[in-house]
Amino acid sequence: MTQLILQQQIELQQQIERLLTVVEKPSRYIGGETNETVKPDATVRVALSYPDAYEIGISNQALQILYGLINDRTEAAAERVYCPWPDMADAMRLQQVPLFTLETWRPVRDVDLFGITLQAELTYSNVLELIDLAGIPIRSEDRTDRDPIVLAGGPSASNPMPLAHFIDAFFMGEAEEGLSSIIEILDTVKGREERLDRLAELPFLYIPARGERPVERAVFANFSIDTAPTKPVVPYASAIFSRASVEVMRGCTRGCRFCHAGTWYRPVRERPVEDVVKAGLEQLNCTGYDELSLTSLATSDWSGVARAVTEIKAAKPELHLSLPSNRVDTGPVALAVAANSRQRSITLAPEAATQRMRDIICKTITDEMIEKAIKSAFAAGYTSLKLYFMIGLPMETFAEVQGIVDLGFKAREIGRRQFGEGGKFTVHVSASNFVPKPHTPFQWDGMAAPEQLRVKQEYLRRTLKGRQLKLSLHDVRTSMLEGAIGRGDAITGDVLEAAWRAGARFDAWTEHHREDAWQAAFTAAGRDLEVEATRERDPLDPLPWDHVRSGVTKEFLLDEWWQSRAERPTGDCRWDGCSDCGACVGPVRNRLVEA
Amino acid sequence: MAAAIAAPVSAPFGTGWWRPNAIHPAAHAVRIEFRLAIRDRARYLSHLEMVDLLLAALRRAGYQVALSHGMRPRPVISLALARGVGVASEDEHCTVELVGDSHDLDDLVVRLAATCPRGVVPLEACLAGPKTAVTGATYRIVFDAPGETLAQAVAAYRAASELLIPRRSPKQHRDVDVRRYAPEPQLDGDAVIVQIAIYDDGSAKPSEVVRALASCAPDELAVAGITRLAVHTAPKPVRVGTTETT
């Protein structure tokens, strides 16, 4: 028997090698990167997957954390798999090569747990692609003992219903502590049904086959005292992010009403400066990276940021230190300069250009703050300023769109005062389309109609042009699809399957997006894509994700929705007192470090 | 041969990709050449991926790579001859400038071996001599075909006066006379050893030699693997009226 398995493995490896000679970028499939872990004798085998191409998936910090956690702290072995690019997927189907893990080139179907992270709705068709390529039946109900448990987690799992037909179990929340319980069950319990029965006892798992019982989001209360990972897998050159990164803080309580992460990862937990500095320097040594990123939802809000920048720069003066996700303020601009004096580009995200709209979305910054931040950025020598906005927000009027134009020109004017009329600098305005997300105060709102969005985009294109100005806009079609799936229900799952069967995959990639397949799938299900995306939900009606308890109460979200209609922002509970959102329970509460 | 790098007039101030923790060109650096083998799955890495991988491995091993001069300084590292994706190699030549006045070369190989990912094997290191030009490379091409078929293919190949293989890319469409660059393939069991020359007007790729051999074979010729055995170099000619700089 062992001989037979060995022979099959050798044959599979030979088949894969033959495919690698004909596909684009074969390095996506070879594994063997620095810091990968191979545990051939593990009793429980886990395949961790990101449903997109290698260069996107390998850069995902959450999957790197889980990979290290399983391999370093449990007896189980975690291996990686990313969605094969269409040329490879087609070749695999033609040659009947099953989906394989990068580390050992063994079939994904042979693992005990097939974990898929859900970071964006536009990757859902790739979830089905992965399951199918693995040789696993698409629908959970068709699976047998021969198949692994297919588990999905990540922020988009907060509305599990569009994928409920295809996923055996959904992990709600942060997996650091709960994952070991799952591995223990897989190690001790055999048989698919028995395993699902035991898994259903865990409060943070939603098992569609066991009914819609309330599921509690898991919160990693010990984030602040747990050590940060120091040995991430180092990707090959094609990855979108090739840098060391330490998560300095989890959660954000600024309360932006459109932001899913701002609700889903509450409360705020900060890591001590000493731990961040130590982990960052260790990671640089273990990876050979020459750039370190201090990540979080809003790094400039981390109490230890100034001290950490000083200490890291003292230890490695030449290091490229990046602080993503800064709030619009002069303080963060000065910090960014201190972190990386050579960088010429800075990003500010006002999200909305008028005070009225910022009050509606609860972005508590003023026109003066934005202007000061732009001035200080140009004064510090930044020659590329990126300004991020959204269009199509609830209660938006044309004045808000005009506000984006005005602010773009104002930024250019400030730049010209700094660098001269013909100075070499760029103001890059990016306007994305608002997509309402579950578990946010705007979950009841609809998206703006596509024709409205297109008119606004056209207005921006026509007016916001000229020397030193650049504009980038998001594709309305993919935004609508994101909106239609994101707040979908079980029928959306049928639509998803039909679209995938008609050829939809890699929907986030414009060259692969198949609008025709999606439109036909919605029509076949008796629905309309645009209606699903733009439809407002009645606060009195149940929502498909109501059984998922994020910690933040529905009453709080509804109250915030009313506050938005009254154009009133809500304070940040770190400084302005508790807003009674419901996220702090027992040991789970805001944990700030001393600056 | 330790080479001192001249101090730049002003500090470089590039934007975009550049890597600030490689050392400033004002520092002293030693030009080192090391040989490495690329085996197993690592052969599917592209030329640029390999350069990036070696830079990171050097940094993990504790070395600092010197930067080039100019507005956009780049780490001074190069591989002598680009390798096709999927081609293994037993003789890759990498030249790199490492910061410092001297380095223990045996220690460099040991430390680098510990930090390179699997399939990338440093073999030896030496101080880089005068700059050389690559004149060709020798490959071993293993075929999955009967010995007689292969022998007939090699004989027909050698007997041909020219073997034109079309080369198509977005930038060029032309026929390459493969036989001109690789005139004498030798049969070696189930493999063919072939030396491919590089002339001023270009060269042939190993995959093109395979296609030329296949066109000469009476039956189908399937390739099982290609390995570069050696890279051939010659002293770079010094142009009259110019001065060589290091």
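Reader: What makes helix 9 of chain A lie across strand 8 and strand 11 of chain A?

Author: In this predicted model, helix 9 (residues 273–287) of chain A is in contact with strand 8 and strand 11 of chain A, where contact requires C-beta atoms, placed from the backbone, within 7 Å. Helix 9 runs at about 155° to strand 8 of chain A; axes are lines fitted to C-alpha atoms, for helices over the stretch in contact, and angles run from 0 to 180 degrees between N-to-C directions. Helices (H or I, at least four residues) and strands (E, at least two) are DSSP runs, numbered from the N terminus.

Reader: What are the edge strands of the sheet with the order 8-11-12 in chain A?

Author: That open sheet has 3 strands with parallel pairing, and two strands pair if DSSP finds at least two bridges between them. Strand 8 (244–247) and strand 12 (320–322) of chain A each pair on one side only, and are the edge strands. The twist averages 20° from one strand to the next.

Reader: How do you know that strand 11 and strand 12 of chain A pair?

Author: Strand 11 (residues 291–295) of chain A has 3 bridges to strand 12 of chain A, in the parallel sense, and the criterion asks for at least two. A:L292 stands opposite A:L321 in strand 12.

Reader: Why is one side of strand 13 and of strand 16 of chain A left without a neighbour in the sheet?

Author: The open sheet of 4 strands in chain A has the order 13-14-15-16, with parallel pairing. Strand 13 (345–351) and strand 16 (469–473) of chain A each have a single partner strand, so one side of each lacks a neighbour in the sheet. Strand 15 (residues 426–433) runs parallel to strand 16 of chain A, joined by 5 bridges; A:A431 has A:L473 as its bridge partner. Helix 15 (residues 450–463) of chain A touches strand 14 (384–391), strand 15 and strand 16, and makes about 165° with the direction of strand 16.

Reader: How many residues does each chain give to the contact between chain A and chain B?

Author: Chain A gives 22 residues and chain B gives 24. The chain A side divides into 8 nonpolar, 8 polar and 6 charged residues; Ala, Val, Leu, Ile, Met, Phe, Trp, Tyr, Cys and Pro count as nonpolar, Asp, Glu, Lys and Arg as charged, and the others, Gly among them, as polar.

Author: Residues are numbered from 1 along each chain as its sequence is written, while chains are lettered from A and ligands numbered from 1 in the order in which they are written. Local features need pLDDT of at least 70, side-chain atom pairs count only at pLDDT 80 or more, and totals for chains, interfaces and linings use all residues.

Terms used
Two residues are in contact if their C-beta atoms, placed from the backbone, lie within 7 Å.
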